[in-house]
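I set out to record what I looked up in this structure, entry by entry. The notes concern its ionic pairs, one helix, one strand and a pocket.

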Amino acid sequence: MTPASVARALGRGAGRLRFSAPVAHVYNPLVYASEAHHAYLERYCRPGAEILLVGMNPGPWGMVQTGVPFGEVGLVRDWLGIDGGVRTPRSQHPRRPVEGFACRRSEVSGRRLWGWARDRFGTPDRFFERFFVWNYCPLAFLEESGRNRTPDKLPAAERAPLFEICDRALVRIADHLSPRWVLGVGRFGRDRARAALDGGGSDIGEILHPSPASPAANRGWAGQVEDQLAALGIDLESGKG
C-alpha cells in the first residue's frame, strides 16, 4: 500500500469508531485535513529512511490544525512548505476551533521537534533522508471542558479496536520505509511500536517527548534528544547510524 492509501484506511477505520464520555469531541485530521496530510506523505515519506519517529496523537494546535504530525503552523508552512488543504470539520469544540493555517496558537511540542530538525539539518530534504515522523493514533479527543484526553486514557473496550487499526497502519508505514530504527517520541510511542512491530526487523527505542508538560523536556529538549540518539549509535554528523 502507498502511504496515502494507508492514511486513508486509517482515517476511515478510526473515524467509524465511537467514544463515550468524558470524550465530547473527536477530531480526525486525516479526513478534514487529508489534502495537507497527503502532501506531507507524498513529499517526505521516503523508502529507505533510517529512523521512524512515532508520536502519540494530534495536538490541538498542531496536527489538528495542519494535518501534519507535531505540525506547528509556522514550521509546517515556512519550513515544510505545506500551507493549505484543511477544511472545517463538522463538529468542533467552541474552545478548540480548527482554523488551519490561520491559527495563531503555536504548539510547543511541534516547535521543538520541527525546530530541532530545521536547526540540525537545514533543509527538509536532508532531514527526511534519514527520518520520518508519524503519529500512531490519528484522532484527537477533547472533553467537554476543552481538555485534551490522550488515547491511553480511553477505556479498554474503546482502546482495543482503535489500537488494532493504528497497529495495522504503523506496520504498513514501517513496511514502506524499512527503517533501521523505530523510536517512540515518548514512552507511549515506544510501547505501541513494540506491540505492533516486535520481530519486524527494526530496532525499537525511545526519545524524550517534547511536551512542555514534561519537566525534563523543558530543560533543553534538543540537546537531550541528541544525547539519546548518540547513545543509540545514531551519528547525526556522518549520516551513519
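**Entry 1. E206 and its partner.** I looked up the exposure of E206 in this predicted model and found it partly exposed, with a relative accessibility of 27%. I then searched for an ionic partner and found R190, the two side chains forming a salt bridge at 2.9 Å from N to O. E206 belongs to strand β7 (residues 203-207) and R190 to helix α9, so the pair ties together parts that lie 16 residues apart in sequence. R190 has a relative accessible area of 17% and is buried, because the cut-off for burial is under 20%.

**Entry 2. Other salt bridges.** How many salt bridges does the whole structure hold? My search returned 13. I noted one between D119 and R118, whose closest N and O atoms are 3.0 Å apart. D119 is exposed at 58% relative accessibility, whereas R118 is partly exposed at 35%. I also recorded a network of salt bridges that links R120, E226 and E237.

**Entry 3. A pair within α8.** I found that R168 and E164 meet through their side chains in a salt bridge of 3.5 Å, N to O. The two residues are four apart in helix α8, and about one helical turn therefore separates them. The general geometry agrees: an α-helix has 3.6 residues a turn, so residues three or four places apart point the same way. I listed R168 as partly exposed, at 37% relative accessibility.

**Entry 4. Helix α8 as a whole.** I checked the span of α8, which covers residues 156-177 and has 22 residues. From first C-alpha to last, α8 reaches 30 Å, close to the 32 Å expected at 1.5 Å a residue. Which residues of α8 are buried? I listed E158, L162, F163, I165, C166, D167, A169, L170, I173, A174 and L177. I next looked up what covers these buried residues; the cover includes helices α1 (3-15) and α9 (187-197), together with strands β2 (51-55), β3 (131-135) and β4 (140-143). Just after α8, I noted that S178 takes a positive phi of about 50 degrees.

**Entry 5. Strand β2.** Since β2 is part of the cover of α8, I examined β2 next. Five of its five residues are buried. In a regular strand the side chains alternate between the two faces of the sheet. I therefore sorted the residues of β2 by side: I51, L53 and G55 lie on one, L52 and V54 on the other, and both faces are covered. Which strands pair with β2, and in what sense? I found β3 paired with β2 in the parallel sense over five bridges, with W134 of β3 as the bridge partner of V54. Strand β6 (residues 181-185) also pairs with β2 in the parallel sense, over four bridges. There, V182 of β6 is the bridge partner of L52.

**Entry 6. The largest pocket.** I looked up the volume of the largest pocket and obtained about 760 Å³. Its lining consists of 30 residues, and those closest to the centre are M56, S109, T150, H209 and S211. Helices α6 (108-121) and α9 each supply at least two residues of this lining. The largest share, three residues, comes from α9. I note that α9 thus recurs in these entries, as it also holds R190 and helps to cover α8.

Key: Residues are numbered from 1 along each chain as its sequence is written. This is a predicted model: local features need pLDDT of at least 70, side-chain atom pairs count only at pLDDT 80 or more; totals for chains, interfaces and linings use all residues. Side-chain values use heavy atoms; hydrogens and water are left out. The expected span of a helix is 1.5 Å times one less than its number of residues. Buried means under 20% relative accessible area, exposed over 50%, partly exposed in between (1.4 Å probe, protein chains only). Contact means heavy atoms within 4.5 Å. A salt bridge is a side-chain nitrogen of Lys or Arg within 4 Å of a carboxyl oxygen of Asp or Glu. Two strands pair if DSSP finds at least two bridges between them. On a 1 Å grid over the protein atoms alone, a cavity is a set of points where a 1.4 Å probe fits but cannot get out, and a pocket is an open set with protein on both sides within 12 Å along at least five of seven lines; lining residues have an atom within 4 Å of a point. Grid points are joined across faces, edges and corners, and a volume is the space filled by probe spheres set on the points.
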